[in-house]
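Dear colleague,

I am passing on to you the structure that we spoke about, with the sequence alongside. Please look it over before reading my notes below.

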2 protein chains.
Amino acid sequence: MTKNSNTTERQNKEQEILAAAEHEFLTKGYDGARTTSIAQTAGVTHAMLHYYFRTKEQLFERIVDEKFAQMSHSMFAILGDPSLPIIERLKGGIAAHFDFIAENPQLPRFVINEIVSRPERYEVLYKRAGAIIDGVYKGLQEEIDRAAKRGEMEPTDVRMLFISIMSLNVFTFVAYPFMEPLMGELMADRDRFLAQRKTENIETIIRRIKR
Amino acid sequence: MTKNSNTTERQNKEQEILAAAEHEFLTKGYDGARTTSIAQTAGVTHAMLHYYFRTKEQLFERIVDEKFAQMSHSMFAILGDPSLPIIERLKGGIAAHFDFIAENPQLPRFVINEIVSRPERYEVLYKRAGAIIDGVYKGLQEEIDRAAKRGEMEPTDVRMLFISIMSLNVFTFVAYPFMEPLMGELMADRDRFLAQRKTENIETIIRRIKR
DNA sequence: ACCTTTGTTAACAGAATTGTTAAACAATAT
DNA sequence: ATATTGTTTAACAATTCTGTTAACAAAGGT
């Protein structure tokens, strides 16, 4: 075997472990996850898992970092395309956010659970994030203020608007397993339901802000 | 000591354990919860906890049963007062639902996590719940259809409407610890923020359904 | 060919956690 | 008073899980 195929194999194993860990942590959380189960899914002995990632904690942090980055990515998606008129921009932003969460449906629940169970850990991270978000959203707030002055839309607090958008988009996925058995045929066809839900969420928000 | 004061003490201990267990399970989940920690919080030895509730599993189920009942209660609150005109009825329903969750802010996250982590367990429960909800909501759907025919509101699918209401109301609390550090002064005064959020959610839904 | 580095395995150690038990203790009824 | 029933405690058993170690294998560089 050449050097190349070897490092590839090594990377493969690392990736296998990471993939298995992602699935395990996202479905069962840190406490419910078992390193032996992750190793088994990845097709390696559990000693190998420790060889590659030292501890469960460190493996978990790799996943957490990735998921926090994705979560922040998803939130920025709401901002939409600044070159579009405000209403179109928001429509696009809501849709992009929805699609992103649709591809990572377990993401919000995982991130929220993690924050709830160990808030201290993320205080530093949050201080920075809060400042960044503050700055970025300020721009949108100003554009909204101008549009409102022109009478194109209701005066609106961006932060409240964002909470509403996230509520509508995120809840659909966070609560999916809870709602699905209660809703009968409505949710039977997942793709159809999600498409309906996306337009519904856009419609709901637009009606809220259009004058 | 009389027989009475004795049974009272016993009930007190049981209640103490249950209260401690509720807090532990709701904040940390089943896997993260520790029976020793519950016992300590309740001020009893951990052997006593086993004496009263046999196993962690059984103690957990006591809490789950209560929380599922509360969750179902909260959802029925959305139905509102049938004697009111439809718009007023919905306003009241949304507010009642919001207030209920506000008093049990950890409830939805707990119930959803439980369903996600062991769906099999609740299949039976769900079959029944699905049928009940189906029947109850059908009445509201008919009233909405009549109001729509009279031109008082948009034609609306009750189930979609319910998902939107739950999204807006529930997300506020599920994501509270996640959003709070990001939102600066907006969420600094919790009571004020919740009051704002409640009227915002009502306004959002009403605008969606009013013609 | 030899040595070093890296990867792999199996067995095991340590810690934490749930659950049990036997015996002491308290309350009550007869 | 005493038997009975229920409650409490402390010690311990059993299991599960994470993390380590020591021996071994493979590969690469010199």
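The notes that follow concern the two domains of chain A and the interface between them.

This is a predicted model, in which local features need pLDDT of at least 70 and side-chain atom pairs count only at pLDDT 80 or more, while totals for chains, interfaces and linings use all residues. Residues are numbered from 1 along each chain as its sequence is written, chains are lettered from A and ligands numbered from 1 in the order in which they are written, and side-chain values use heavy atoms, with hydrogens and water left out.

Chain A is divided into domain 1 (1–54) and domain 2 (60–209), with bounds that come from an automatic or database domain assignment. Their C-alpha centres lie 31 Å apart, and nine residues of domain 1 are in contact with 10 residues of domain 2 (heavy atoms within 4.5 Å). The two domains bury about 920 Å² between them, 65% of it on carbon and sulfur atoms; this is the accessible area (1.4 Å probe) that two parts lose on being put together, summed over both. On the side of domain 1, Phe25(A), Leu26(A) and Tyr30(A) lose the most area to domain 2, together 58% of what that side buries.

The rule finds one salt bridge across this interface (a side-chain nitrogen of Lys or Arg within 4 Å of a carboxyl oxygen of Asp or Glu). The side chains of Glu22(A) and Lys67(A) meet in a salt bridge, at 3.0 Å from N to O.

With best regards
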